[in-house]
Amino acid sequence: MCGIWALFGSDECLSVQCLSAMKIAHRGPDAFRFENVNGFTNCCFGFHRLAVVDQLYGMQPIRVKKFPYLWLCYNGEIYNFKQLQKQFGFDFQTLVDGEVILHLYNRGGIEQTACMLDGVFAFILLDTANRKVFLARDTYGVRPLFKVLTDDGFLGVCSEAKGLINLKHSTSLCSKVEPFLPGHYEVLDLKPSGKVASVELVKFHSCKDEPLHVACDTVEALPSAGFDLETVKSNIRILFENAVRKRLMAHRRIGCLLSGGLDSSLVAAVLLKLMKEININYPLQTFAIGMENSPDLLAARKVAAHIGSEHHEVMLNTEEGIQAIEEVIFSLETYDITTIRASIGMYLVSKYIRKKTDSVVIFSGEGSDELTQGYIYFHKAPSPEEAAEESERLLKELYLFDVLRADRTTAAHGLELRVPFLDHRFTSYYLSLPAELRIPKNGIEKYLLRLSFEDSNLLPKEILWRPKEAFSDGIASVKKSWFSILQDYIDQQVDDLLLEKAAEKYPFNPPKTKESYYYRRIFEKHYSGRSSWLPHYWMPRWVKATDPSARTLKHYKSATQE
């Protein structure tokens with residue numbers, strides 16, 4: 001994890017512009033570099049480093065003697081870099097996984113490069129010999145990337161939008177800063193003036209397609225094909241374990257978030273098992289946050305005892321959670337209701353990890369709900385086919401919601417997140433299964449995933465079959481949800497008259513509740529006029545929901561009242 005920033009064709013003094021690069025310093029607390037591009041005095045790179053792989057030669061922009069005309073700034077991890085090196089005979093100059101991007105580009109161009117990378121990434125690649133700039137982002141947008149491009153060819157690129165919104169430019173002070181689309185690369189021409197012109201934006205991978213890099217995976221071919229249940233369950237276990245194994249690549253201590261729900265518990269259990277197998281000689285630290293006797297804390301405690309992790313509990317008090325709201329919204333760059341609610345706990349547990357432990361590489365369970373139809377409203381899907389379509393929609397929008405939350409809350413404290421459920425190979429296989437296999441069954445969501453691990457003894461049965469609990473709700477008590485606590489506080493902060501006139505003040509995505517008004521007001525304070533970053537609020541489908549919390553849905557109420 002790190003922070004990348006670059007400008008091309010700046011009219012303003014670069015020493016002033018580079019102050020914007022310092023807005024993302026939290027993403028790389030270990031080192032910082034600011035470097036001008038030879039021959040292009042108005043082009044530069046900024047880089048904040050969190051040293052996780054090759055601590056000696058990992059500074060960026062990466063340049064190697066073999067390709068002196070290539071400059072690379074990237075944020076991410078390329079899990080198959082050693083396999084690619086072996087397959088193509090690449091002669092590496094460093095131990096940095098990202099160096100493989102330079103060799104792949106030299107060998108086959110940008111399209112092959114993007115398609116062959118198994119990992120999470122956002123990168124800026126400059127080719128001064130051919131006068132090209134390339135931007136690319138991984139399939140699910142696990143690593144963030146924003147850009148601004150003016151009509152006269154000034155380009156700014158950054159890991160977070162906050163590093164671009166205050167850039168100065170002669171023709172436009174308020175150019176549109178927007179997220180770079182996941183699963184895409186863009187080709188831009190670099191003019192002698194240092195300005196750029198966009199040539200094409202190409203979608204290189206879709207979540208349903210088996211990735212091209214399967215040929216360079218540690219599990220090259222699945223032992224058996226077909227969709228009979230035993231085969232499917234076996235393949236799910238093999239691919240998920242493979243997803244966790246490849247993410248063990250780190251020179252810093254590994255930890256794991258553990259809410260006690262199915263997803264984080266599976267990640268923690270498989271992670272600890274594999275760490276033992278490869279003789280990692282320190283205990284796995286797991287981290288849970290919640291109010292006293294909250295469902296998450298109790299369940300996480302049970303999982304930690306079962307798997308034998310060094311477990312840490314962070315007690316959340318109401319005042320601390322409320323006080324964190326503004327800094328959370330500033331970090332997130334969104335005003336989405338459920339994202340903010342869920343982020344407060346994750347932000348505070350990340351703060352604890354940074355201050356109190358030496359774990360830096362943090363595993364988590366993001367992506368599972370979208371992939372395996374884990375949200376409670378999937379019980380109301382009209383058909384398996386519509387449920388499958390909804391699953392794909394949620395995956396495509398992860399970069400706006402759960403993946404955004406997971407990245408910003410951890411990166412705010414200099415931690416690196418790893419999310420095995422969003423492994424390209426695992427997700428494409430799961431999405432290839434018949435729609436009927438993937439839907440909730442017997443009143444239980446994620447039925448197929450649970451069934452696949454039933455005989456593994458990785459988790460206690462009551463955890464493996466624990467019903468879905470939203471992270472923002474599970475950290476509070478059963479009697480009073482976290483969202484109810486927030487609403488009670490916010491009710492005193494927003495006047496009824498303000499809410500009545502909300503649509504006039506905020507015509508795009510107008511707030512409908514005091515809670516959403518309060519979040520929007522804080523967002524506009526820091527990112528005025530940038531409301532289009534959120535195309536729509538996250539809401540359940542197929543139910544008449546007025547609130548995104550799972551605890552407002554009938555299925556949750558009936559399950560907890562039995």
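Modeller: Let's begin with aspartate 97, which is buried, with a relative accessible area of 2%. Keep in mind that we are looking at a predicted model.

Biologist: Where does aspartate 97 lie in the chain?

Modeller: Aspartate 97 sits in the loop between helix 2 (81-88) and helix 3 (99-116). UniProt lists Asp97 under "binding site", in an unreviewed entry. Such annotations may be inferred rather than shown by experiment, so I would quote this one as the record's own statement.

Biologist: How should I read accessibility, then? Is aspartate 296 buried or exposed?

Modeller: Buried means under 20% relative accessible area, and exposed means over 50%. Aspartate 296 has 2% relative accessibility, so this residue counts as buried. Aspartate 296 belongs to helix 6, which covers residues 295-307.

Biologist: And how many residues lie between sequence positions when you compare aspartate 296 with lysine 233, and what is the distance in space?

Modeller: The two are 63 residues apart in sequence, and their C-alpha atoms are 27 Å apart in space.

Biologist: Let's turn to the backbone. Which value does phi take at arginine 131?

Modeller: For backbone angles, look at the sign of phi together with the residue type. Arginine 131 has a positive phi of about 50°, although this residue is not a glycine. Arginine 131 is in the loop between strand 6 (119-127) and strand 7 (132-137). With a relative accessible area of 38%, arginine 131 is partly exposed.

Biologist: What is phi at asparagine 442, and where is that residue placed?

Modeller: Asparagine 442 is a residue other than glycine with a positive phi, near 55°. Its place is in the loop between helix 14 (435-438) and helix 15 (447-452). Asparagine 442 reaches 65% relative accessibility and therefore counts as exposed, because exposed means over 50%.

Biologist: Now the surface charges. Which residues gather in the patch of negative charge?

Modeller: A charge patch is read as a group of residues, so name its members before anything else. Here the members on the surface are Glu385, Glu386, Glu389 and Glu436.

Biologist: Which helix gives the most to the negative patch?

Modeller: Helix 11, residues 384-396, gives the most, with three residues. Glutamate 386 lies in helix 11.

Biologist: Why can glutamate 386 be part of a patch at all?

Modeller: Patches are made of residues with over 30% relative accessible area and no salt bridge. Glutamate 386 has a relative accessible area of 34%, so the area condition is met. With that value, glutamate 386 is described as partly exposed.

Notes
Residues numbered from 1 in each chain as written. Predicted model: local features only at pLDDT ≥ 70, side-chain atom pairs only at ≥ 80, totals over all residues. Heavy atoms only, no water. Patch = residues over 30% accessible without salt bridge, like charges linked within 9 Å, V, L, I, M, F, W, Y side chains within 5 Å. Areas by Shrake-Rupley, 256 points an atom, 1.4 Å probe, with all protein chains shown as cover. Salt bridge = Lys/Arg side-chain N within 4 Å of Asp/Glu carboxyl O. Lys, Arg positive; Asp, Glu negative; His and termini not counted. Charge placed at Lys NZ, Arg CZ, Asp CG, Glu CD. Helix = DSSP H or I, 4+ residues; strand = E, 2+ residues; numbered from the N terminus. Buried < 20%, exposed > 50% of the residue type's maximum accessible area, 1.4 Å probe, protein only.
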